[in-house]
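Subject: Structure for your review

Dear colleague,

Here is the structure you will be working with. Please look it over before reading on; my notes follow below it.

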Amino acid sequence: MASMTGKLSYGAVGLTHPGEETWSERPKGYRRYATTAVIGHGQRCWDEAASAVLDWQIKTRSGFAVESLTNGIRVRENADYRVTARIGPFIVHEPVRVVAVVDEPMRCGFAYGTLFGHPVSGEEAFVVHRDSSGEVRLTLRSLTRSSQGRWRWAFPALLVAQKCYRYRYRRALRTKH
């Protein structure tokens, strides 16, 4: 496939800080979102969730298709991907670039930034982390604003879709362990 890489559609790269436990960024003009949910407990839950998040399964289990535009499907910093959403009869391609990856014994995840052509502009992070008691949590963070392109008119509807997908993300890595 021909490369479809491009420029990020926003300027403040890395503001979702997936490697940090706390997050206080509030850049002007962006809708800020953060939530944390318990997804399970124990080593098996951690192993499965950590692996799944770095293999894009939080997106694929939520109904998206993910295609690498550079090399391999596993999350890699500075690699470009095309995330595809099917909403009823509509197919929406979302070009993104992974801007940060964290892969540590207690914290694992990544953040991607939107490339020009994405329906919104900003950054989204998906992080699994655990505490000393073995509780495993998923944290979602995002900074979103309207894109400057042809999708600008659809921004209110995209916010509704984003809310629905966030619900799916919280369920995507939940285990029964």
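A residue is called buried here when its relative accessible area is under 20%, exposed when that area is over 50%, and partly exposed in between. By that cut-off, buried residues make up 50% of the 177 residues in the protein. Please keep in mind that this is a predicted model.

Overall build

The protein has 3 helices and 7 strands. Their order along the sequence is β-α-α-β-β-β-β-β-β-α. The C-alpha trace spans about 45 × 35 × 30 Å along its principal axes. A compact globule with 177 residues would have a radius of gyration near 16 Å, and the protein agrees with that because its own value is 16 Å. Of the contacts between residues at least 6 apart in sequence, 58% join residues at least 24 apart.

The accessible surface comes to about 9200 Å², and 51% of this belongs to carbon and sulfur atoms. There are 27 positive and 16 negative charges, and the mean positions of the two groups are 9 Å apart.

The cores

In soluble globular proteins, nonpolar side chains tend to be buried together. Here the largest nonpolar core has 31 residues, of which Val53, Trp56, Ile58 and Val128 touch the most other members. Two or more residues each come from α1 (43-54), β2 (64-68), β3 (80-87), β4 (90-103), β5 (107-114), β6 (120-130), β7 (135-146) and α3 (155-172). Helix α1 gives the largest share, 7 residues. A second, separate core holds 11 residues, including Tyr10, Ala111, Ala125 and Leu143.

What does valine 53 contact, leaving aside its neighbours within four places in sequence? Its partners are Ile58, Val75, Cys108, Gly109, Phe110, Phe126, Val128 and Leu173.

Trp56, also named above for the largest core, sits in the loop between α1 and α2 (57-60). Tryptophan 56 counts as buried because its relative accessible area is 0%. Its phi is near 70 degrees, a positive value in a residue other than glycine. Asparagine 78 also has a phi near 70 degrees, again positive in a residue other than glycine. Asparagine 78 lies in the loop between β2 and β3, and its 57% relative accessibility is why it counts as exposed.

Two residues of strand β7

Leucine 143, listed in the second core, lies in strand β7. Leucine 143 has 4% relative accessibility and therefore counts as buried. Apart from residues up to four places away in sequence, leucine 143 touches Leu15, Thr16, Trp23, Pro27, Tyr30, Arg31, Arg32, Ser121, Gly122 and Glu123. Leucine 143 and alanine 125 are 18 residues apart in sequence, and their C-alpha atoms are 9.2 Å apart in space.

Valine 136 lies in strand β7 as well. Is valine 136 buried or exposed? Valine 136 is at 0% relative accessibility, so it counts as buried. Its contacts, not counting residues up to four places away in sequence, are Ala37, Val38, Ile39, Gly40, His41, Gly42, Cys45, Trp46, Ala49, His129 and Arg130. The C-alpha atoms of valine 136 and isoleucine 87 are separated by 30 Å, with their positions 49 residues apart along the chain.

Two partly exposed residues

Tyrosine 33 is in strand β1 (residues 31-41). Its relative accessibility is 22%, so tyrosine 33 counts as partly exposed. Beyond residues up to four places away in sequence, tyrosine 33 touches Trp23, Leu140, Arg141, Ser142, Arg166 and Arg170. From tyrosine 33 to histidine 118 is 85 residues in sequence and 18 Å in space, C-alpha to C-alpha.

Histidine 17 lies in the segment before β1. Histidine 17 counts as partly exposed because its relative accessibility is 27%. Leaving aside neighbours within four places in sequence, histidine 17 is in contact with Trp23, Glu25 and Arg141. Trp23 and Arg141 appear in the contact lists of both histidine 17 and tyrosine 33. Histidine 17 and arginine 174 are 157 residues apart along the chain, and 23 Å separates their C-alpha atoms.

Regards

How values were computed:
Residues are numbered from 1 along each chain as its sequence is written. This is a predicted model: local features need pLDDT of at least 70, side-chain atom pairs count only at pLDDT 80 or more; totals for chains, interfaces and linings use all residues. Side-chain values use heavy atoms; hydrogens and water are left out. A nonpolar core is a set of buried Ala, Val, Leu, Ile, Met, Phe, Trp, Tyr and Cys residues joined through side-chain atoms within 4.5 Å. Buried means under 20% relative accessible area, exposed over 50%, partly exposed in between (1.4 Å probe, protein chains only). Helices (H or I, at least four residues) and strands (E, at least two) are DSSP runs, numbered from the N terminus. Contact means heavy atoms within 4.5 Å. The radius of gyration is taken over C-alpha atoms; the globule rule is 2.2 Å times the number of residues to the power 0.38. Accessible areas come from the Shrake-Rupley method with a 1.4 Å probe; for residues, only the protein chains shown count as cover. Lys and Arg count as positive and Asp and Glu as negative; His and the chain ends are not counted. The place of a charge is taken as NZ of Lys, CZ of Arg, CG of Asp or CD of Glu.
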